Amino acid sequence: MEEKLIERLEAAVRRLESISAGGFSSAADSGGGDVSSSDPSIIAFDDLIGNYAARVSTAAEKIGGQVLDVTKLLEQAFSVQKELLIKIKQTQKPDLASLAEFLKPLNEVIMKANAMTEGRRSDFFNHLKAAVDSLSALAWIAYTGKDCGMSLPIAHVEESWQSAEFYNNKVLVAYRNKDADHVEWAKALKELYLPGLRDYVKSYYPLGPVWSPSGKPVTSAPPKAPTSGAPAPPPPPPASLFGSETAPATSSRPKEGMAAVFQDISSGKSVTAGLRKVTDDMKTKNRTDRTGVVSAGVKEAPPTSKPSFSKVGPPKLELQMGRKWVVENQIGKKNLVIDDCDSKQTVYVYGCKDSVLQIQGKVNNITLDKCTKMGIVFMDVVAACEIVNCNGVEVQCQGSAPTILVDNSAGCQLYLSKDSLEASITTAKSSEVNVLVPGAGPDDDWGEHSLPQQFVHVYKDGQFVTYPVSHSGN
């Protein structure tokens with residue numbers, strides 16, 4: 001890679017020398033079109049795409065499906081960023097509003113990729129989330145200074161990858177001994193950002209993009225004038241990754257509900273002017289009809305308006321395509337059983353509440369998603385048991401489980417058997433996670449261990465040392 005880069009740099013130097021010998025008119029006439037072939041930073045970005053992004057694409061082509069689709073969007077995002085880097089060298093530094101308009105092409109690609117993760121989770125959800133979350137690293141190009149609210153470009157790339165690495169690790173765990181193409185894709189995706197994009201930013205833009213003082217200005221798109229008979233404008237789009245407008249102050253919006261009451265009280269106005277005065281005979285202590293007996297009273301008629309129902313689909317417990325058990329929208333069912341399963345099948349439990357599921361056999365993977373007060377008992381799992389977006393669930397492993405993942409959940413009880421004590425438990429954005437392990441003897445009580453959810457980070461010997469918060473008392 002270094003020899004190739006040196007050769008391209010030497011060619012670029014020779015080209016610049018020839019342009020200088022012939023005057024500056026040729027460079028001006030080109031309008032900056034030769035920047036991509038002469039600027040070292042653009043050449044290095046081409047190498048980044050050719051050496052790192054190409055590996056991700058090669059692995060994605062072998063996998064196909066949604067993994068290939070999201071990888072193509074990833075390639076498109078990097079291509080758009082290259083175009084923006086070329087334009088930056090010919091453009092003056094814009095204000096916030098103009099910057100958002102300038103970065104709009106990149107934001108549109110990222111929003112398009114983000115739409116792939118919405119809706120019902122697919123079999124490649126972890127691939128999609130890893131790729132989509134990693135694209136936020138490209139927002140380093142929006143860094144305009146220490147007061148812009150962003151970390152420095154190098155730190156931003158590292159922080160963005162940390163949020164994507166959780167799902168990338170899930171891919172590695174699920175396909176570690178199953179499919180080498182998926183493992184290669186996950187490894188290549190990580191190397192695209194660490195060290196790929198991080199080292200590139202460190203070498204060329206450690207303090208952010210370098211705009212051209214003599215370049216052309218960036219102008220935000222003017223609003224179109226409404227025409228008579230035109231349809232009403234669409235609702236505002238979702239928040240942009242590079243949004244420049246800050247949220248309006250709360251005082252500029254009309255208050256509603258109790259907020260309006262407290263605002264009137266604090267305003268100093270005569271807010272009690274319209275209230276009825278309570279006379280002495282209306283006070284409870286002076287009333288003569290008090291008997292000390294509480295009457296049943298008349299029940300109020302139910303409201304005539306139609307009650308609102310949550311959009312819950314029909315309950316399901318079925319095997320799809322011979323490889324995926326789907327358990328959905330089960331409410332109050334304590335006797336759910338899956339007994340005809342094998343190690344190549346997966347179990348996906350979604351939207352269940354106050355129910356219990358038994359899995360009587362070995363399966364490849366188990367996922368609990370958006371479940372409340374759900375209990376699940378299983379024998380063996382080949383890859384992992386995942387608990388995502390759940391509240392108050394109990395999971396019991398009666399056999400072996402190499403990996404247990406808990407993400408964005410609260411109140412999770414894990415019961416491990418003696419064969420699963422060596423399981424790797426990963427938690428993220430979760431609270432009240434307790435692990436119960438069997439005692440030494442058959443008659444001994446279970447031992448309960450709470451997993452820490454608070455951590456202390458201390459800078460020591462040139463790096464941060466992290467350890468969990470411990471509580472002690474008499």
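This report walks through a predicted model, from the whole chain down to a helix, a pocket and a lysine.

## The chain as a whole

Let's start with the overall picture. The chain has 474 residues, and 36% of them count as buried. Its secondary structure consists of 11 helices and 14 strands. Among contacts with a separation of 6 or more, 40% are between residues 24 or more positions apart.

## Helix α10 and its kink

Helix α10 covers residues 180–204, which makes 25 residues. From first C-alpha to last it reaches 34 Å, close to the 36 Å expected at 1.5 Å a residue.

The helix does have a kink, of about 30 degrees, at Glu191. The proline Pro195 follows shortly after that point. At the start of α10, Asp179 places a side-chain oxygen within 2.9 Å of the backbone nitrogen of Asp181.

## Helix α8, under cover

If you colour the model by accessibility, have a look at α8: 10 of its 10 residues are buried. The buried residues include the hydrophobic-looking names you might expect to look up, such as Phe125, Leu128 and Val132, but also Asn126, His127, Lys129 and Asp133.

What covers these buried residues? The cover includes the helices α5 (65–88), α7 (104–114), α9 and α10, along with strand β6 (372–388). The kinked helix described above, α10, is thus one of the elements packed over α8.

## The second largest pocket

The second largest pocket holds about 510 Å³ of space. It is lined by 23 residues, and those closest to its centre are Asp123, Phe124, Tyr175, Thr346 and Asn365. Four elements give two or more residues to the lining: α8 (125–134), α9 (153–174), β4 (346–350) and β5 (353–369).

Helix α8 therefore turns up twice here, as a lining element and as a helix whose residues are buried.

## Lys324, a buried lysine

Lys324 sits in strand β2, which spans residues 324–328. Is its side chain buried or exposed? Lys324 counts as buried because its relative accessible area is 12%, under the 20% cut-off.

Which side chain does Lys324 meet in a polar contact? The partner is the side chain of Asp123, at 3.1 Å. Leaving aside residues up to four places away in sequence, Lys324 also touches Arg121, Glu318, Leu319, Thr346 and Tyr348, as well as Asp123 itself. Two of these neighbours, Asp123 and Thr346, are among the residues closest to the centre of the second largest pocket.

How values were computed: Residues numbered from 1 in each chain as written. Predicted model: local features only at pLDDT ≥ 70, side-chain atom pairs only at ≥ 80, totals over all residues. Heavy atoms only, no water. Expected span 1.5 Å × (residues − 1). Bend = angle between axes of the 7 residues up to and from the residue. Polar contact = N/O pair within 3.5 Å; in protein donor to acceptor, adjacent residues only side chain to side chain. Buried < 20%, exposed > 50% of the residue type's maximum accessible area, 1.4 Å probe, protein only. Contact = heavy atoms within 4.5 Å. 1 Å grid on protein atoms, 1.4 Å probe; cavity = no way out; pocket = protein on both sides within 12 Å on 5 of 7 lines; lining within 4 Å. Points joined across faces, edges and corners; volume = space filled by probe spheres on them.
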